[in-house]
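Q: Please take a close look at one residue in this chain and at its surroundings, and then set that part in the context of the chain as a whole.

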Amino acid sequence: MVRILPRTARAGALAAALLLVAAPAAHAAPAAAPAAPAAPPTVTQQSLTPTTALPDTPVAAQLVVKSSACFTAAVLGVGIRDAAGANLDFPGSLTNQQICPQGVTLTTGTRSFKAGTYRMFGFYQDQAGAWRNLPEQTFTVAPPPPPPVPVVTLDQVSPADAAADTPVAAQLTLHASSCFTAAVVGVGVRDAADNNLDFPGGAASQQICPQEVTVKTGARSFPAGTYRMFGFYQDQAGTWHNLPERTFTVTPASAPDPTAPVPGKKLVWRDEFDGPITAVKWNQSISSAYRYGNYNPDDDKLDRIDPNGVSVADGVATFTARRSDFTLPSGRKAWDTGLITTENTVEKFMVKTGDYAETRVRMPKELGAWPALWTWHKGANEIDSFEYHPDNPHLLELTNHVRPAQKYWPDLTAVKPGEWVTIGTHYLADSVDWYVNGVRVFEDKKGVGANWTAYLILNLSLCSGDFHPAPSGSGPISFAADYVRVYR
């Protein structure tokens with residue numbers, strides 16, 4: 001059976017029920033406060049390059065950044081501002097680029113700039129659209145500084161003298177504080193009126209470095225007189241530079257020299273050994289007369305040519321031989337010794353038919369020494385002005401190998417170890433004549449023919465022991481020369 005309440009009672013009961021639901025429980029906790037927004041990550045610019053560039057030359061930039069926490073930048077790029085604040089940013093920014101603590105590298109596209117000073121910086125745009133510039137640095141666009149101007153030093157210019165109306169070449173040795181290429185290098189000559197009489201044949205596009213470089217000219221002749229001689233060069237900008245001057249003396253030679261050892265001759269070539277041996281007149285390294293260039297075991301010799309085997313002091317050239325560690329094909333130990341020849345020199349001087357060559361020499365004392373003045377050209381044309389061996393202390397060997405003739409000439413007074421003697425050779429077409437101390441001692445009546453030419457050789461050889469005693473000691477052996485002169 002259902003009990004029905006009166007309307008007023010039902011209304012009262014419903015109100016009580018609603019009141020019961022709406023009333024909060026006495027022990028309920030208060031509502032939580034909303035969370036604070038996270039701090040944005042800190043972005044650090046680790047490097048930004050370049051700091052310099054050349055005007056009007058495309059260049060790219062590189063930016064390295066990192067952040068304290070990973071986030072995605074809407075844009076990452078490299079900005080440039082000129083002095084007026086104009087935007088000249090590098091092209092090639094990155095979009096939607098994640099930046100994390102391990103860092104990220106951006107390499108931009110290239111662009112060029114006019115000369116000037118700019119502000120350069122990395123930048124990024126966050127996802128909220130805000131632009132953030134990283135620290136600025138200076139970006140300088142300028143031409144490269146000019147290289148330092150090299151300092152050029154003249155080491156040597158020669159010759160110091162020549163005979164009038166006789167072709168002669170020059171040689172210039174120089175070096176620079178740093179390498180550069182000279183447009184032209186040459187040797188200039190000025191006469192008393194300052195007329196230009198330069199040697200022909202300078203070097204073009206010649207590199208000059210801290211190491212010495214030698215330039216050889218062509219030959220020309222000069223009238224008798226005193227000249228100013230100097231090396232010169234032209235730099236790549238077209239500027240000419242003259243190096244320190246030297247005096248160049250050309251002695252008269254237009255008439256026969258009345259003091260010439262043989263009548264009707266004039267002095268055309270000489271070395272008085274008043275200065276260093278140079279490649280203008282002499283080659284100290286090799287000779288075509290030696291099978292291997294610097295030694296020749298085929299000719300009963302122990303010598304190996306040593307460029308340092310000839311020294312000059314007080315107007316005398318001294319040839320010195322010393323034992324060497326070099327072993328010859330024969331199994332014998334060589335001696336390093338001195339040789340000078342006009343072959344392969346700047347002047348390329350050769351004696352010819354009709355010339356008279358003369359030298360003044362001091363004979364060696366040590367056994368095994370084998371000094372000589374002789375000639376050579378293309379494997380032949382040998383005339384021995386003299387050969388000497390101390391085991392025959394008063395004997396000169398005078399030999400014509402062109403048209404075979406020979407004389408062993410003894411003289412107890414004129415020829416002896418350690419003494420000076422003057423020896424000359426007159427190369428005639430039909431006779432070679434030898435002179436000792438100005439006196440003719442041998443005419444071979446054979447001669448050299450009308451078209452004979454040859455280079456001069458003056459040297460100190462060492463005997464192997466096959467025909468003359470080999471050196472017996474270990475000490476140096478020496479031989480000396482006062483001059484070599486050629487009259488024509």
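A: In this predicted model, the residue to begin with is S287, which sits in the loop between β18 (267–271) and β19 (303–305). Although S287 belongs to a loop, its relative accessibility is 2%, and because buried means under 20% relative accessible area, S287 counts as buried. Leaving aside its neighbours within four places in sequence, S287 is in contact with G293, I305, L339, E343 and I457. One of these partners, I305, carries a number that falls at the end of β19 (303–305), while L339 carries the number at which β23 (339–341) begins. As a reference for distance, S287 and P469 are 182 residues apart in sequence, yet 25 Å separates them in space, C-alpha to C-alpha.

L339 also leads on to the packing around F319, since L339 appears among the contacts of F319 as well. With neighbours within four places in sequence again set aside, F319 touches G309, V310, G338, L339, I340, L458, N459, L460, I477, S478, F479 and A481. F319 is, together with F386, L396 and L456, one of the residues with the most contacts inside the largest nonpolar core, which has 50 residues. Apart from that core lies another, of 28 residues, with V168, L172, A203 and F248 among them. In soluble globular proteins, nonpolar side chains tend to be buried together.

Two loop residues with backbone angles worth checking come next. D314 lies in the loop between β20 (310–313) and β21 (316–327), and its phi is near 55 degrees, a positive value in a residue other than glycine. K348, in the loop between β23 (339–341) and β24 (351–352), likewise has a positive phi near 55 degrees without being a glycine. In contrast to the buried S287, D314 counts as exposed because its relative accessibility is 82%, and K348 is exposed as well, with a relative accessible area of 53%.

Elsewhere in the chain, two peptide bonds that precede a proline also deserve attention. The bond from T49 to P50 is cis, with omega near 0 degrees, and P50 is found in the loop between β1 (43–49) and β2 (52–53). The bond from S158 to P159 is cis too, here with omega near 10 degrees, and P159 lies in the loop between β10 (152–158) and β11 (161–163). As background to these backbone details, most residues other than glycine have a negative phi, and most peptide bonds are trans.

The chain that holds these parts has one helix and 34 strands. Its C-alpha trace spans about 180 × 60 × 35 Å along the principal axes, and its radius of gyration is 47 Å, whereas a compact globule of 488 residues would have one near 23 Å. Of the 488 residues, 45% count as buried, and the chain exposes about 24400 Å², of which carbon and sulfur atoms supply 53%. Among contacts between residues at least 6 apart in sequence, 64% join residues at least 24 apart. As for charge, the mean positions of the 39 positive and 44 negative charges are 14 Å apart.

Key:
Residues numbered from 1 in each chain as written. Predicted model: local features only at pLDDT ≥ 70, side-chain atom pairs only at ≥ 80, totals over all residues. Heavy atoms only, no water. Helix = DSSP H or I, 4+ residues; strand = E, 2+ residues; numbered from the N terminus. Rg over C-alpha atoms; globule rule 2.2 N^0.38 Å. Buried < 20%, exposed > 50% of the residue type's maximum accessible area, 1.4 Å probe, protein only. Contact = heavy atoms within 4.5 Å. Areas by Shrake-Rupley, 256 points an atom, 1.4 Å probe, with all protein chains shown as cover. Lys, Arg positive; Asp, Glu negative; His and termini not counted. Charge placed at Lys NZ, Arg CZ, Asp CG, Glu CD. Core = buried A, V, L, I, M, F, W, Y, C linked by side-chain atoms within 4.5 Å.
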